[in-house]
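Trainee: I should like to learn how a structure of this kind is read. May we go through it feature by feature?

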Amino acid sequence: MKYRLLAALCLAPLLLFAVVFQGGAWATRSYMDEASLQASSALRLAVSALSGHLSRYEPLPALIADHDDIKELIAHPDDKALRDTADVYLKDINRLLESSDIYVMTLDGNTIAASNYDQPASFVGQNFSYRPYFQDAAMGRQSRFYALGTTSLKRGYYFASPIRIDGRISGVIVFKVDIDSIETSWRGGEYKIFVSDPEGIVFMTGSPEWLYSSILPLNSARLQRTQASRRYAEAELKPLPITRSTLDDHELMTTTTADRREYLVLSQYMPEADWTVNVLMDTASIRAQARTTIIAIVLFLCLAGLALAIVLQRRARLAERMRMQAEARNELEHRVEERTADLALVNERIEEEIAERRLTEKELRKTQADLIQAGKLAGLGQMSAALSHELNQPLAAAKTYADSAAMLIDLDRVPEARDNVRRISGLIDRMASISRHLRNFARKPNEKLGPVALDAVIADTLEIVSARLKTADADLQIELAGDAGMVNAGSVRLQQVLVNIITNAADAIEGLADRRIHVVTERQNEKIILIIRDHGPGVPAAITERIFDPFYTTKGVGKGLGLGLSISYNIVKDFGGSLSVSDHPEGGAVFRIELEAATAAQEAAE
């Protein structure tokens, strides 16, 4: 077994050498073939786009040459009215067909009408007899030519057609097509696309820096032919710094600039346009794919060799491993038993902690309820003097009415005595109402959340705080929104919140000039907002964050426990709402209670 492993290790370098060198060449050829197919599709699309763009305009010069206005102008080239008519006609046709320029020349090459007659670079008066397209059209042939305009300095493709009058060639009409839109679509793509003329000069390209560069040597013969036709006007022609090579049947081109790149080249000659469309594809990705493939194969072979070595080694150690596994199994079972016992103990402790936590939560809830009750009783204690006055007044009045009734009866004035008794009954009802509200407010609430009529809660609250409001000589102004009817809360606890806040407002304004307290409700979507504002000194910013803390109070000793607002905050929070305080810009404190509006289903159940 050791000899087998040694032999495999000796053969591995030879196998890797063959894979790297032979496999690398194979992978490169394979990916190059695939890239060539992709580039061929791009080349066909580019050729089709160019052919389609040019073929749209090919028949147009002959059609325009047959127009009566054009023939009339050629017959009388010095007639200014005919020239003006032809200029306007050519301009309209040029705008309609979205071409570059249309112009008419006499047989001596002079331009007598043009679509750009009103432009600074007008062709009117220019002579283009040196252009091959004019020479061919003057001989009666439909001609094509691509060049850089000597007047407009814009590249274009020219279609020329002879103008015949009575079968005799009398002039030439030229149709220039703009090719910038096609060139623009080539920029930023996966491929570099350019068009070269028979002399190898790049006429169209998605890379502006390659424009008017030659992919063939710029010898004197090529330069002379190019200058004779003035195809590129005064543009500077320069050689493109490239070297050419081949890989199998693929043509490659490498730029020799600082940014050295190698491209796969595919070309197609367009005989009707007499130019060659070239598509370049950067081979960096192709060679990177080939390298990646080779690296993957090498890694696979390495992993395979490693797997073979592991298999051979595992066979030698299998017996020992089985023995070790048996020992490990026994040890694991022992540890599992110990761990199970530990987990059982932990579970028992967790259950004890849960029970203690539940008991603590129960005691906390009881303490919270007692705290709320203490807060209510403390509030009642603070209002006791006013409530005593509120009850003593009807008692004194009842006493007076009773004594008066006895005297009236003695005087046999029974109707008047009966009226006194009725007044006494009304005063007793008044005291009973006050007593009932105090009794309901003072008891411990044992209510669940549900729909509560906000106006009823406010009315009950007024019964309790009316005495305090009278003592403070406060003016309570209530504005209830029409759609703020029912809220999701507890009636008694919500009443306690309102009593606490309104009582605090009465304390704040007592003795001031402006003793108004506003209670306003409004609805915002599914929320009911209850706003209580006074015109007192307000809440300083320093205590805004602490005002809802338990036992925190700004009142003097013996005037408050500091529990009212803390209890109110927790009650509103239990309702699923929020309680906040802020200063009003015009002075005074603003308490904002936000509660959930009762749903239609809850109101129906109620």
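Mentor: Let us begin with the contacts of the whole chain. Among contacts between residues at least 6 apart in sequence, 61% join residues at least 24 apart. Please keep in mind throughout that this is a predicted model.

Trainee: How many helices and strands are there in the chain?

Mentor: The chain holds 14 helices and 20 strands. Of its 606 residues, 38% are buried. The accessible surface comes to about 34,100 Å², and carbon and sulfur atoms account for 55% of that surface.

Trainee: How does one read a single buried residue, and which residues is Val-279 in contact with?

Mentor: One takes its relative accessible area and then its contacts. Val-279 belongs to strand S13, residues 275-282. Val-279 counts as buried because its relative accessibility is 0%, and the cut-off for buried is under 20%. Leaving aside neighbours within four places in sequence, its contacts are Ala-39, Ala-42, Leu-43, Tyr-191, Lys-192, Ile-193, Leu-264, Val-265 and Leu-266. The C-alpha atoms of Val-279 and Val-195 are separated by 8.9 Å, although these two residues are 84 apart along the chain.

Trainee: Is Ser-568 buried or exposed?

Mentor: Ser-568 is buried, with a relative accessible area of 0%. Its place is in helix H13, residues 564-574. Beyond its neighbours within four places in sequence, Ser-568 is in contact with Val-497, Asn-500 and Leu-579.

Trainee: How should I read a helix, and which residues of H4 are buried?

Mentor: The general idea concerns direction. An α-helix has 3.6 residues a turn, so residues three or four places apart point the same way. In H4, the buried residues are Leu-82, Ala-86, Asp-87, Tyr-89, Leu-90, Ile-93 and Asn-94. Their cover includes helix H2 (60-65), helix H3 (68-75), strand S1 (101-106) and S2. As to length, H4 covers residues 80-97, and its 18 residues reach 26 Å from first C-alpha to last, close to the 26 Å expected at 1.5 Å a residue.

Trainee: Why is H12 described as largely enclosed by the rest of the structure?

Mentor: The description rests on a count: 15 of the 19 residues of H12 are buried, so the helix is largely enclosed by the rest of the structure. H12 runs over residues 491-509, and its end C-alpha atoms are 27 Å apart, in agreement with the expected span of 27 Å. After H12 comes Gly-511, with a positive phi near 85°.

Trainee: How is a strand read, and which residues of S1 point each way?

Mentor: In a regular strand the side chains alternate between the two faces of the sheet. From S1, Asp-101, Tyr-103 and Met-105 point one way, while Ile-102, Val-104 and Thr-106 point the other way; all are buried. S1 is thus mostly covered, with six of its six residues buried.

Trainee: Which strands does S1 pair with?

Mentor: S1 is joined to strand S5, residues 168-177, by six bridges, and the two run antiparallel. Within S5, Phe-175 stands opposite Ile-102. S1 also runs antiparallel to S2, with three bridges between them. There, Val-104 has Ala-113 as its bridge partner. The hairpin of S1 and S2 has four residues between the strands, and Gly-109 in this hairpin takes a positive phi near 95°.

Trainee: May we apply the same reading to another strand? How many residues of S18 are buried?

Mentor: Six of the eight residues of S18, residues 527-534, are buried, so this strand is largely enclosed by the rest of the structure. Strand S17 (residues 516-524) pairs with S18 in the antiparallel sense over eight bridges. In that pairing, Val-519 has Ile-532 as its bridge partner. S17 and S18 form a hairpin with two residues between them, and Asn-525 in the turn has a positive phi of about 55°. S18 is also joined to strand S20, residues 589-596, by seven antiparallel bridges. Here Ile-531 stands opposite Arg-592.

Trainee: Finally, which residues make the nonpolar surface patch of about 210 Å²?

Mentor: That patch is made by Val-88, Tyr-117 and Val-124. Tyr-117 lies in the loop between strand S2 (111-114) and helix H5 (132-138). With 31% relative accessibility, Tyr-117 counts as partly exposed.

Note on methods. Residues numbered from 1 in each chain as written. Predicted model: local features only at pLDDT ≥ 70, side-chain atom pairs only at ≥ 80, totals over all residues. Heavy atoms only, no water. Buried < 20%, exposed > 50% of the residue type's maximum accessible area, 1.4 Å probe, protein only. Contact = heavy atoms within 4.5 Å. Areas by Shrake-Rupley, 256 points an atom, 1.4 Å probe, with all protein chains shown as cover. Patch = residues over 30% accessible without salt bridge, like charges linked within 9 Å, V, L, I, M, F, W, Y side chains within 5 Å. Salt bridge = Lys/Arg side-chain N within 4 Å of Asp/Glu carboxyl O. Expected span 1.5 Å × (residues − 1). Pairing = 2+ DSSP bridges.
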